[in-house]
Structure formats: C-alpha cells, structure tokens
Amino acid sequence: MKPRLPRILGLLLLGAVHALSFAPGPLPSWCLPFVQIFALAILAAMVFGSSTPRRAAAAGFCFGLADFSVGLYWLYISMHSYGGLAAPLSAAGVLLLAAGLSLYTALAAAASRWLSGRHLHGRADFRWQLLIAAVWASTWAGAEWLRGTLFTGFPWLNIGYAHVEGVLASWAPVVGVYGVAWLAAFASGAIALMARSRNGANDASAAVALAAAIIIGLAGILLSHVVWFKQHGQPMIVRLVQGAVPQSEKFDPQLMHQGIETYMRLAALPPQPGDGGPDLIVLPETVMPVFQDRIAPQVWEQWLDIARTRGADILMGIPLHKNLDGRDRYTNSAIVIDRYTPLSTLGAGALRMHYDKHHLVPFGEFVPAGFHWFIDMLQIPLGDFNRGAPRQPLFVIHGQNIAPDICYEDLFGEEIIRSVRDSELHGPGANILINISNLAWFGHSWALRQHLQIARMRALETARPMLAATNTGTTAAIAPDGSVGAALPPLRKGVLDVEVQGTTGLTPYVRWGNAPVLIWIGLLLLLGLSLRKYQPGGPQSSVTEDE
C-alpha cells in the first residue's frame with residue numbers, strides 16, 4: 001500500500017487543480033484552458049501508464065473525486081447554511097455526489113486503457129498514436145455526455161466550459177460543448193503521449209498526434225473570424241436588475257415583502273442622464289417568492305404602475321399555481337407584464353406571455369423517487385414543481401423573439417437550441433436568450449462564476465446575445481461571441497442598462513445539435529474496439545487478463 005499512497009495523493013491534488021479551471025478566481029481567465037488541458041494530460045499519462053484497466057479506473061476515480069468535490073463545494077453552502085442540514089451530513093452529501101460523478105471519469109479512464117492497452121507499449125507508428133489520443137478523447141467526451149444525460153443529467157464542470165476563451169472557443173458554434181470537450185481531451189491525450197514517448201522509440205510518431213492538436217488550435221483561430229449571425233431588427237434597451245436579497249431573507253414571511261420592495265425600487269429607477277429608458281426590465285428567478293394567487297392585488301398594481309411609469313415590459317420569475325381540469329399545477333415560471341396587462345389575469349396566472357421551466361433540478365424542484373426522506377431533512381421551499389413543455393412560445397417584445405430559460409436550464413445546450421430553431425407550431429426562433437436565476441443558495445462562491453461561464457458557452461453555441469439576471473450574481477450581458485459586455489459585481493444591489501441587438505442565422509451546432517459529435521465518438525470507439533485484436537509492429541509487452 002505504501003507505494004500507492006503518493007499516487008493517490010497526487011491524483012487528488014491533480015483533480016483539485018483541475019477544478020480551478022472552470023471559472024476565473026483564483027486563476028486568471030486567460031490561463032484556464034491551459035490548466036484544464038495540462039491537468040487532464042497528466043491524468044491521461046497516468047492512465048496510459050496503468051498496468052491494467054482496473055488501475056486506470058481507480059486513477060480516474062481519485063481524480064474525479066477531488067475534481068467534483070472541490071468544483072462543487074458550494075453545494076455544502078446550500079445544504080448547511082440555507083437548508084439547515086448538519087455540517088457533517090452536508091459535507092457527506094457533497095462527497096457522495098462527487099463519488100457518484102467520479103464513476104463517469106473512472107469509466108472513461110478504464111475504457112480508454114482497455115481499448116488502447118495493446119498499443120501503449122513498444123514501437124507504434126503515428127496512426128496508432130493518433131488513434132490512442134482519439135480514443136482517450138472519445139471515452140472522455142462520451143462520459144461527459146452520459147453524465148449530462150442520464151438521470152436527467154448533471155453536466156456541470158464539463159471540461160468544455162474551461163474553453164469559453166482560447167483557441168478552442170470558436171469551435172463551439174460548430175460542435176457544441178461536447179465537441180469542445182472532445183478537442184480539449186484530444187489535446188491532453190496528445191501531450192500525454194508525447195511526454196511518455198520523449199527520447200523513446202515513439203517520440204516522432206507521438207509528435208504527429210501533438211501536431212494534430214496544434215492544427216486544431218490553429219483552425220480555431222481561423223474559425224474565430226467566421227461570423228455566424230446577422231443583426232435582426234432594432235436594438236433595444238434592457239434593464240437587468242440584481243436585488244442581492246440574501247437567501248435567508250428571501251422566503252422569510254417577515255422579510256419577504258422587503259425583498260419585493262427592493263426589486264420594485266430598482267426596477268423603477270430613472271435612466272441615467274443621456275441614456276434612453278429601458279424597453280424591457282428583467283428580474284431574477286422567483287423575484288416574487290410565492291404563488292401568484294397569494295399576492296395581494298395592490299402589490300400587482302404597484303408592478304403595473306412601474307410598467308406604466310417606465311413605459312417598459314417587465315419580465316420576472318414567479319411560481320405559478322393553476323387549476324387545470326380539476327388538477328392543481330405548480331410551475332417555476334417567467335412572465336411578462338406591461339402597462340396594458342389586466343389586473344385580473346395576474347392573480348389567475350393567465351398571462352399571454354409566460355414560460356414554465358422544463359428541466360427541473362433534482363431535490364430542489366422535484367423529488368426523485370425514494371428520496372423524500374432526504375428532502376424532509378432540508379428546509380427548501382417550493383420543492384416539487386410540474387414540468388413545462390420542451391418548446392414553448394417565445395416572448396415577442398419590440399420586434400425581438402426572446403427565449404427565456406430559468407437557472408439550471410442553461411446547462412443543457414441541446415435544449416437551448418430548440419428555442420433558436422424555427423418551430424412549425426410556435427413560429428420563428430429566438431433572437432435573444434435570457435436566463436433568470438437565483439444563486440443566493442450558494443453564497444459568494446464559485447457557483448456564480450461557473451454559471452457565467454456556462455451562459456457564455458450558450459451564447460457561443462447559438463450566436464445569440466445572452467442576458468443573465470440574477471438575485472446575487474452574476475448579472476451580465478453576453479455578446480454572441482461569448483464575450484461579457486457588462487456585468488454587475490456579485491452580492492451588490494444595482495441595475496445594468498444595456499443595449500441589446502438581436503441576431504439571426506443558425507450555427508452548425510444549432511442545426512445539427514450533438515448528433516455529429518456523438519456519431520464521431522461512436523465511430524472512433526468502434527474503431528478502437530475493432531483494432532484491439534491487431535498487434536502493432538515492434539516489440540510488445542505481454543497482455544494481462546485484465547486487458
């Protein structure tokens with residue numbers, strides 16, 4: 001056991017370093033892609049050097065355990081500080097989730113070692129080296145896709161999100177985040193092979209794989225000059241409101257109205273001298289933290305007065321309760337009101353423009369079967385919602401088609417692109433994307449900055465401006481190229497008035513989704529499987545039963 005301990009500790013440290021690459025702070029944003037690729041390259045080298053797939057799986061598990069524990073540490077804040085769960089149980093919850101997610105990294109490592117095992121020893125020409133790097137990339141990206149799909153999916157910390165800047169960022173409109181993950185993993189595999197082959201029999205052939213990774217990067221630089229969109233309609237002024245209402249106060253019956261008044265005051269602020277008034281005011285998720293039919297009419301009248309005074313539409317997050325065919329329906333929703341909205345429709349929740357959240361958060365918005373005992377231990381309000389339809393009517397405001405999504409939903413690029421495509425039932429696709437969130441559950445943690453990186457990836461994939469209105473941060477305006485045009489500091493009250501230009505045009509990723517990347521991954525894995533029986537030229541080490 002003694003020789004294994006340094007290896008385990010090294011893998012845990014490596015995974016923790018890798019977790020730093022998903023958002024700026026403490027590392028600067030420019031170095032995130034490099035940290036991600038080189039940390040994964042070290043893991044790849046250790047996997048390639050493992051004597052059996054079983055040991056490769058153990059290496060992947062240790063790496064993933066630290067990666068997810070450190071990268072998702074902020075879940076402890078939600079469970080302990082706001083959910084009221086005891087500190088040991090909260091820490092155990094984070095570790096158990098990290099262990100479960102680490103099974104995907106273990107699977108990727110074991111599959112890569114098993115498929116490539118016969119070709120990792122002795123002399124192998126450049127074709128084998130390219131195949132090994134491609135198999136590593138395919139197992140890793142395939143595991144990322146499985147993690148983002150199975151059991152409703154949890155794609156947070158997909159390695160593609162480390163590349164919203166850098167040479168791979170411009171690949172996002174072509175292949176999406178899973179394609180970017182494949183490219184990043186290929187680069188890490190090529191570096192690992194080059195390091196293992198240095199001054200050896202395969203140094204020249206391994207250099208070909210590294211050259212291929214460099215060519216991919218150079219192609220990314222060329223792709224950065226491709227414009228995937230064109231402007232649509234007239235620009236509009238949008239006000240993004242961040243009330244910074246602490247989570248401990250947001251649902252407190254004694255303080256709830258105080259939080260609503262904070263948002264009313266910010267929404268009603270006059271524009272700065274010389275600036276035009278907002279055409280649209282966007283408020284975060286559950287800015288009204290109770291169902292609409294429990295809100296006094298005079299409170300709704302105050303919102304209508306703001307819409308009249310500012311001459312603006314108001315988009316806000318609110319839970320809705322409706323009774324359809326004698327059955328109660330509860331949704332986490334976004335609604336739009338304007339100066340002409342009848343007061344009666346607000347209490348009934350029968351608004352012309354409303355959106356019901358489709359992709360719900362496990363444990364936060366729906367309770368998986370068999371886990372009610374766990375939810376009963378937490379103090380989480382509004383915890384069991386009905387789902388909205390996958391594709392819903394868009395909000396048409398000032399000639400722009402606006403697609404709202406709520407918090408966690410923007411993790412799923414394959415679902416966001418549905419709203420960008422034209423629909424036979426609902427008409428033209430979106431020109432602007434808007435995400436409304438409440439990340440106050442996670443304090444001033446990495447969750448805020450990680451979520452901003454995710455929103456930037458959605459803007460890159462769709463070539464649409466993405467606006468994020470959050471309760472505590474990060475509230476920001478993101479351009480179609482993924483750059484952040486303006487943002488409010490976290491945990492500060494304020495408004496961000498920005499000019500937004502809608503866009504049209506479909507990127508290859510919007511047109512085809514994940515299908516091309518998944519087909520590519522499947523073909524490479526089949527190729528790796530079929531070539532296992534062939535012995536590459538040159539001296540070979542013996543193949544164990546585990547291989």
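**Empty space in a predicted model**

A search of the whole structure, which is a predicted model, finds five cavities of 30 Å³ or more.

User: What makes a space in this model a cavity, and what makes it a pocket?

Analyst: A space is called a cavity because a 1.4 Å probe fits there but cannot get out, whereas a pocket is an open set of points. In the largest cavity there is about 190 Å³ of space, and in the second largest cavity about 80 Å³. The second largest pocket holds about 330 Å³, and among its 17 lining residues Phe34, Ile37, Val167, Ala187 and Ala213 are the closest to its centre.

User: Why are Tyr355 and Glu415 said to line the largest cavity?

Analyst: A residue lines a space when it has an atom within 4 Å of a point of that space, so each residue in the lining has passed this cut-off. The largest cavity has 17 such residues, and Tyr355, Pro390, Pro404, Glu415 and Ser419 are the ones that lie nearest its centre.

User: Which elements supply at least two residues each to the lining of the largest cavity?

Analyst: They are strand 7 (400-406) and helix 14 (413-420), and helix 14 has the largest share, with four residues.

User: How do you know how the lining of the second largest cavity divides into nonpolar, polar and charged residues?

Analyst: The lining consists of His18, Asp67, Phe68, Tyr104, Thr105, Ala108, Trp140, Ala143, Glu144, Arg147, Leu157 and Ile159. Asp67, Glu144 and Arg147 count as charged because Asp, Glu and Arg belong to that class, while His18 and Thr105 fall among the others and therefore count as polar. The division is thus seven nonpolar, two polar and three charged residues.

User: Which helix gives the most to the lining of the second largest cavity?

Analyst: Helix 3 (53-71), helix 5 (87-116) and helix 6 (126-147) each supply at least two residues, but helix 6 gives the most, with four.

User: What makes up the lining of the second largest pocket by class, and which helix gives the most to that lining?

Analyst: The lining of this pocket has 14 nonpolar, three polar and no charged residues. Phe34, Ile37, Val167, Ala187 and Ala213 are on the nonpolar side of that count, because Phe, Ile, Val and Ala are in the nonpolar class. Helix 2 (32-48), helix 7 (172-197) and helix 8 (203-223) each supply at least two residues, and helix 8 gives the most, with six. The lining of the largest cavity, for its part, has nine nonpolar, three polar and five charged residues.

Note on methods. Residues are numbered from 1 along each chain as its sequence is written. This is a predicted model: local features need pLDDT of at least 70, side-chain atom pairs count only at pLDDT 80 or more; totals for chains, interfaces and linings use all residues. Side-chain values use heavy atoms; hydrogens and water are left out. On a 1 Å grid over the protein atoms alone, a cavity is a set of points where a 1.4 Å probe fits but cannot get out, and a pocket is an open set with protein on both sides within 12 Å along at least five of seven lines; lining residues have an atom within 4 Å of a point. Grid points are joined across faces, edges and corners, and a volume is the space filled by probe spheres set on the points.
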